[in-house]
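Reader: I am new to this structure and would like a close look at a single part of it. Please take me through that part slowly, with each term explained as it comes up.

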Amino acid sequence: MTALQAPTRATKKSWETWLRSHIDPAWRPGEWDSARWLFTGDLDNPRTSSSRCRTRRCDVIVRAQETFCTYCSDQRRKSGLPREEFAATFTPARSRSLPLTVIGPCTLTRDGVRCVRPQVSGGLCAAHHGSWKYHKSRGTLERWLRSRATPFTENPDCMVTHCSGWAMNSSGLCNYHWRAWRAECRSSTNPMPAAQWAPHQPLYLLAHQFHLAPLPQLLRWEALYAVQQMDQWVRALEPHWIRGVISHLTTADTLLDVTNTARLTKPHQAAVRTLENLQSAARAGYSEFSGITLIDQDVIDLRVLGLRHSASGKRRHLPGRVDLRTVRQPWLRQALRHWVTTARPTTEDFKRTFHATTIASTALAQRADAGDDPAALTFADATLAVDAFRSARKRDGTPYSSSFRRSLLGMFFQLIAYGRRCGTLDDLAGTFTRVPVEHVISVEEPNEDFIGKAIPESVIRQLDAHLDTLGTGNTYGCRDIAPNARQLLYRTMYIVLRDTGRRPLEIVSLARDCLEIHNGQPTLIWDNHKRKRHRRRLPITTSTAEAIRTWQDCRDQLHLPAKGDRYLFPSLTALSDAPYISSTYLSDALRLWVDALPPLHAEGTDSKGQRLLFDRSLIYPYAFRHSYAQRHADAGTPVDVLRELMDHKSIAMTQRYYTVSLKRKSEAVAKLSAHVLDQHGHPSPSSSTAYEMRSVAVPYGGCTEPSNVKAGGQACPIRFQCAGCGFYRPDPSYLPAIEQHINELRADRETALAMGAAEFVTTALTAQITAYQRVIDRMNTRLASLPASERAQIEEASTVLRKARAGHNHTLLPLTTARPKDPR
């Protein structure tokens, strides 16, 4: 092993004494029989990772990750029934009894004394049943019952050491060991007597048990100490994996031997991980026994330090051992070691800081003295390290994102600042420092091809049609609450996610009393965890509020862990780190649901006129936030209003949700530029470049008037009476805007008639309505003559351009110019 040697013969006794003194006698994660070295988990304690089969009238103990025992699982597969229905209706009828099970005592009774031995067949124990068959075949059954059928008053134990079963027959073995002995006798040419065979046999252990007695004396104490230490690291003990590891360590001498991993004949990942955890705990104890502290080691075990993942949710693998020698400079390695042993960061923070320190160490190693002398470092060396972060790349050679590189840079200099505050870097030159003006990494704009991840509304409607199947299957909570409550839980989370556009973490962490009525309008109270702005308020629809109230009524009837009382969606098990459901479980349930749905169709058709299939991988919780923003953008919600709804600090961030990718926009322009009309409704196609240049001019179509185009639509010579202008160029993407403008003109005409306005006013309004209506009619006629597939493509392109124009937040109809007053 690294940095430690296995105990010698002289130190084994003192090492064993140290282990005995450091084992907690009050350790009770389950039932511990110290006399038999037997651990039996408590089925009512989820930390023992075992439970009973969920089938009605089945008491078989299984692993916590499993729902049914092997027999019931096979029967459910044959029946084809859903899990919940099978568990409620199936009654197991096994052809053979389970090992060590006892149906009842023998029924033979004489003179008021009943035989105490367990019955095997026909209501009799093995001895009486065999004797009964013998006398029955010889016709002496009556004489046997009258004189020789004597009840047994003692029940002998199985000859296998520490076995809790009763001897079922004259061989002195329980039914489990008797079957094993008989099978070995049949396969062996020289069968061994039961008394000679029994002392070397293992116990029959259930899924929640493991036995340390087969191990050598020292290894037994090491394993017990390691299990107690490991119990503090993991969320739940896994007795079945510990039992499997122990069976391969019976010929080992100590857990400190690194070759023990090779002893596993079945190198399953969980078995290897369990053995590594046991070895790590034993090595940490031996280091303490040898007087070696963690801060003196170059290879540290994050499990021993107690580092945990910051993210809650699914069970994550424990952090492992880290070799700090990849950091080449001793002073930098010492600073990192001191930080991790004193600050005790999360594993995510340590991983990122360690990665940042490795990058800086590699850069400093380019110096002539490899940067080993901290007092000789200069400002140029700090710049050299910053340049290394600017050019940092992934293993495949692609560069990291600018935000990730900025994060690495910040964590490295935070480590330097921590070392200076703690005194571990007193020798480091003061010139080795970061200057905020020069040592920065510029933020790169995101690729616009990745903007616009909104799920189309047509796809959301298809999802809503199958909402009753959400939350079924092997989702989180299937063992904790009733199926109908679990389905309502996930259905409510989906509805809130869909209708509010909040981030997944903001959904799962909603408070139990998150609803508030303000002026008759339901309001959602939520916390913006990303920007640390709490108690935010969002107007929601009545249907969304009703869905939340329905879940609140159901939630009040459930018996859940107390730590989640203040949350709307609390954690369903006491093993969870967070008091509320992890967003990971919401994502997993959504993925399971979407993958099981019938084909989902996207907008538009292919070249053959068939509906396109929608990529299911694009449906994930955060995508509904994009859909919420896009839904409001399509409805004409102003950008500043949507910024408040999204709780963005900068309006530029909100516009990202409006913006459609340049690629999609270019494709849409190429399609619609061939369908541009003039003021009379006659075709007037243009190039894509010309279309882009004049599309910014007016709200009801393009404009080719030179002075107005040059002024960006601010210098129309005839005050935006587009219907009568020869430079007016509408296309199908402007149809909704033109129809809305016609309605506005009609309203203005009715207002003018009511006011008794002059005839030329109403005549002008009527002429504009007629001209716009002529454009719409000819445009619709032209679209109706096209094939259905091409018409669908034009409609999709029109939708794309309307989204793009809404995101640019144009000022419509600037009939007057507001000028600031001259200062006095």
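Author: What follows is a close look at helix α1, set against the chain as a whole. The model is a predicted one, in which local features need pLDDT of at least 70 and side-chain atom pairs count only at pLDDT 80 or more, while totals for chains, interfaces and linings use all residues. Residues are numbered from 1 along each chain as its sequence is written, and side-chain values use heavy atoms, with hydrogens and water left out.

The chain as a whole has 29 helices and 16 strands, where helices (H or I, at least four residues) and strands (E, at least two) are DSSP runs numbered from the N terminus. Of its 824 residues, 44% are buried, a word that stands for under 20% relative accessible area, whereas exposed stands for over 50% and partly exposed for what lies in between (1.4 Å probe, protein chains only). Among contacts in the chain with a separation of 6 or more, 61% join residues 24 or more positions apart, a contact being heavy atoms within 4.5 Å.

Helix α1 covers residues 9-22, which is 14 residues, and from its first C-alpha to its last it reaches 21 Å, close to the 20 Å expected at 1.5 Å a residue; that expected span is 1.5 Å times one less than the number of residues. The buried residues in α1 are Trp15, Glu16, Trp18 and Leu19. Seen down the axis of α1, these buried residues fall within an arc of 160°, so they line one face of the helix, the arc being that of the directions from the helix axis to the C-beta atoms. On the other side of α1, Ala10, Lys13 and Ser21 are exposed.

What the buried residues of α1 pack against can also be named: the partners are α8 (217-231) and α10 (269-290). One residue of α1, Trp18, shows this in more detail. Trp18 counts as buried because its relative accessible area is 12%. Leaving aside residues up to four places away in sequence, Trp18 touches Tyr225, Gly285, Glu288 and Phe289. Trp18 can also be placed relative to Trp221, since the two are 203 residues apart in sequence and 9.9 Å apart in space, C-alpha to C-alpha.
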